[in-house]
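Biologist: I'd love a close look at one small part of this model, along with its surroundings. Could you walk me through it?

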Amino acid sequence: MAETKQSSSQVTGDTASCCNTTEPDVDDVRGNLVSEESTTSLTVDPFLIECPICLEQLVQPKSLPCLHTFCLKCLSDCIIKNDNPTTFPCPICRKVTMPPDSSLDKGTWAAEFPTNNLIVEMIKYTQHTATGKLCDPCRRRTDRQSPAVRWCRICSVYLCQNCEDDFHGFLHSNVETLHVSELNQSPLKANTALIRCSKHKKKMSLFCEDHQALLCSLCVAVSHRTCCSVLTPPEYAQKLTSDTVIRTRLAKGEHVMDALVKDFSTQLELLEHNKQEAEHSISEESQNINNIVKRLHDQSMSKLIGVYKEQKERLETSIQRCKSLKNSMTNTGKVSGVISSGSDSIQKISIYQRGKAEIESCTQVVHDLVRPFEGKVLSFEPVGLHEKIKYVESLGKISVINQIRDYPSAVDKWLPLSDRIATHHSTVSVKLDADKQICSVRDVMWFDDDVILLTDANNKKVKLFAENGDFIDSLNLADRPWAVCKLPGNRAAVTRPDSKTISVIMVEEKMTKQTHDSGVDSCVDVGQESSKPELSSDSSDCEARELVPDGNEVAPSRKRNTVLRLEKDIVIDRPCYGVCYVGDKFIVSNGRQSPYQVYSVMPDGRTDLMMEHESPSYYITGDITQPNVLVSLISSIPGNAAIYRMPGVHPHDRANVNVSVSPVTGGSLTNAHGVDVDREGNVYMCCGGLPGLVQVTVEGGTVRELVGVVQGVKDPRAVAMIQNKVVLADVDKANANSIKIFHLR
């Protein structure tokens with residue numbers, strides 16, 4: 001009885017301790033919360049708890065600042081394999097990542113990153129749901145695995161029916177329990193409330209925006225004292241709720257993944273098609289070899305049979321000859337025996353002569369057949385073809401050829417241009433047969449997606465080329481052209497500093513029409529010809545057909561050509577070098593003429609000073625991402641800006657003439673020449689401080705040499721950017737007669 005009473009008190013004590021609402025055991029509560037699930041049968045996607053490196057369930061999951069999670073060992077192996085002594089790229093997004101403490105050994109870097117406790121809880125949840133829900137008091141008291149039927153929210157415990165009736169209902173009569181089928185709280189939401197710091201075992205009560213990590217108060221005090229923004233989780237969650245950027249990016253990311261799936265599916269279909277073609281080629285090659293072997297076999301057999309027949313006939317003839325002579329000599333011998341006993345002298349003489357003749361024939365036969373006395377042996381000596389073939393590893397070389405492809409549109413827009421590498425695509429020769437001097441390309445511009453307009457100062461020409469290198473047209477000018485910019489419509493502006501002129505050039509299409517009776521080509525405007533019913537306006541080559549006097553049709557005789565035409569000259573009162581078009585005016589720099597100025601030019605030639613700067617400027621460009629103008633500066637003085645950004649350009653507002661300017665960057669980026677901006681706002685400039693083409697990110701925080709001597713660029717002067725394509729002009733003598741096109745990949 002005492003033993004039973006003691007056991008009951010022990011059970012009561014265990015149950016009471018489980019139901020203590022003032023100080024629940026954290027580990028027990030966490031374990032119980034993992035067991036709770038919703039009525040909607042919540043499941044965890046296995047992909048969420050899978051390591052993207054080893055493709056197994058995450059073990060000791062570690063999160064990087066980019067929020068990608070890996071096994072501790074997998075991440076450590078990747079870090080150790082990386083050659084950089086201070087950073088390493090994320091194995092997924094390739095973002096450059098700095099370790100929490102780069103002074104430590106690289107083998108310990110991975111352990112310094114925070115543990116992804118949410119993943120840990122998700123793994124626990126999946127493991128627990130796989131084993132079912134058990135009564136907590138029974139499990140603690142006797143290790144008995146009794147199925148749980150009730151859940152106490154206050155105590156955070158599962159109960160079997162016996163523990164519910166005998167103990168929980170007796171001790172907590174005012175606490176209502178729920179049947180396990182009635183639970184509707186998401187276990188993962190419950191888990192996040194008790195996620196603990198893996199290092200200090202404290203509640204994650206703060207969030208560091210600088211490191212994008214949940215932290216406990218001790219982590220903040222020890223390792224994040226210098227961080228600029230540390231918020232409580234509710235504060236940061238509120239920012240996330242009001243911020244639509246993530247949701248927008250996620251939607252775009254879904255579009256990118258869909259585009260990649262479609263593109264990879266297309267590649268898979270192409271791969272299958274290539275496989276079938278290769279199989280057909282292998283079968284065809286095998287059949288060709290079989291045909292060759294069969295032909296060689298038939299030739300050898302035919303020759304063998306021919307030789308055999310020849311030798312067989314020879315031997316059979318010899319045998320027949322010997323047999324015939326033998327029979328004749330045998331008969332002669334018998335007859336001579338009979339005749340020798342007779343008295344007929346004539347017969348004796350005749351037989352004697354016959355025998356003598358046969359002996360002579362025998363001597364002749366022996367002489368013919370046995371001198372030399374040789375036997376005929378028929379043999380076949382292989383050429384060893386099988387010995388040669390057995391060293392052939394395959395019928396042909398099977399390889400995977402890397403073909404550079406354009407990104408799908410969604411993927412191209414997703415990948416930042418600032419993270420890409422410039423790869424050389426092509427070199428276009430710009431030297432024409434009529435050019436009398438070496439070229440000096442001073443500016444380039446993408447007139448269209450695949451058409452390049454450039455200025456050649458030495459030959460005093462503006463030239464138009466296709467991206468594939470085809471020459472389209474050129475325009476001769478009276479003096480050297482310098483910079484070029486795009487104008488509305490099919491027009492461009494070219495500065496001519498020697499004559500203080502801005503030339504407006506029209507890029508138009510002409511229709512070349514051949515006169516059949518004279519053989520002379522004449523040009524007419526496409527716009528004029530397009531109204532004629534016999535012309536097709538959407539064809540690159542006109543398909544009109546004409547009738548000659550005899551009434552017969554002739555082949556099409558009109559061809560569409562793109563030509564350059566000088567529309568007008570705008571003469572101004574000062575030198576003009578760099579130029580861009582903003583609104584209804586030109587923004588122009590005056591080169592090396594002091595004071596160094598940037599001014600506006602109206603279409604009628606009126607000028608208006610906008611700013612003065614400390615260094616000469618030969619190039620200007622407009623920022624397509626914001627209403628700014630970028631001015632490159634020629635200066636070798638350390639600390640001087642290489643490029644200035646002019647915000648808020650107004651044509652006639654004198655209050656904004658001397659607008660405040662801010663350097664994008666300075667330091668070693670000196671002697672800047674050509675400049676352009678991509679669709680993301682990154683700046684590209686031909687800079688003397690760092691040889692080659694330099695890319696500066698939107699914020700100016702990252703400067704890198706994009707193209708340089710390694711790619712054969714020695715003294716770049718002009719650059720133009722469109723989409724992910726860069727065209728570069730180099731005035732170095734070795735490269736002066738060409739331009740180089742690079743793709744950012």
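Let's start with one side chain: does Lys-725 count as buried or exposed, and at what relative accessibility?

Modeller: Lys-725 counts as buried, at 12% relative accessibility; buried means under 20% relative accessible area, exposed over 50%, and partly exposed in between, with a 1.4 Å probe and protein chains only. Before going on, please keep in mind that this is a predicted model, where local features need pLDDT of at least 70 and side-chain atom pairs count only at pLDDT 80 or more, while totals for chains, interfaces and linings use all residues. Residues are numbered from 1 along each chain as its sequence is written, and side-chain values use heavy atoms, with hydrogens and water left out.

Now to the partner. The side chain of Lys-725 meets that of Glu-467 in a salt bridge, at 3.0 Å from N to O; the term stands for a side-chain nitrogen of Lys or Arg within 4 Å of a carboxyl oxygen of Asp or Glu. Lys-725 belongs to strand S34 (residues 725-730) and Glu-467 to the loop between S14 and S15, so the pair ties together parts that are 258 residues apart in sequence. Strands are DSSP runs (E, at least two residues), as are helices (H or I, at least four), and both are numbered from the N terminus. Glu-467 is buried too, with a relative accessible area of 13%.

That loop leads us to a sheet. Its 4 strands form an open sheet in the order S12-S13-S14-S15, with antiparallel pairing; two strands pair if DSSP finds at least two bridges between them. Strand S12 (441-448) and strand S15 (471-476) are the edges, each with a single partner strand, so one side of each has no neighbour in the sheet. From one strand to the next, the twist averages 20°, with axes fitted as lines to C-alpha atoms and angles running from 0 to 180 degrees between N-to-C directions. Inside the sheet, strand S13 (residues 451-456) and strand S14 (residues 461-466) pair in the antiparallel sense over 6 bridges, and Thr-455 stands opposite Val-462 in S14.

Strand S14 brings in another charged pair. Lys-463 and Asp-435 meet through their side chains in a salt bridge of 2.6 Å, N to O. Lys-463 lies in S14, while Asp-435 sits in the loop between strand S11 (422-429) and S12, so this contact ties together parts that are 28 residues apart in sequence. Both Lys-463 and Asp-435 are buried.

For contrast, look at Arg-606 and Asp-604, whose side chains meet in a salt bridge at 2.8 Å, N to O. Arg-606 is partly exposed, with a relative accessible area of 47%, and Asp-604 counts as exposed at 51%. Back at the sheet, salt bridges with shared partners join Asp-435, Asp-456, Lys-461 and Lys-463 into one network. The total comes to 21 salt bridges by this rule.

Arg-606 also touches Val-601, where contact means heavy atoms within 4.5 Å. Val-601 is among the residues with the most contacts inside the largest nonpolar core, which has 30 residues; such a core is a set of buried Ala, Val, Leu, Ile, Met, Phe, Trp, Tyr and Cys residues joined through side-chain atoms within 4.5 Å.

For the wider setting, the protein has 15 helices and 35 strands, and buried residues make up 38% of its 745 residues.

Definitions and conventions: Lists of a residue's contacts leave out its neighbours within four places in sequence.
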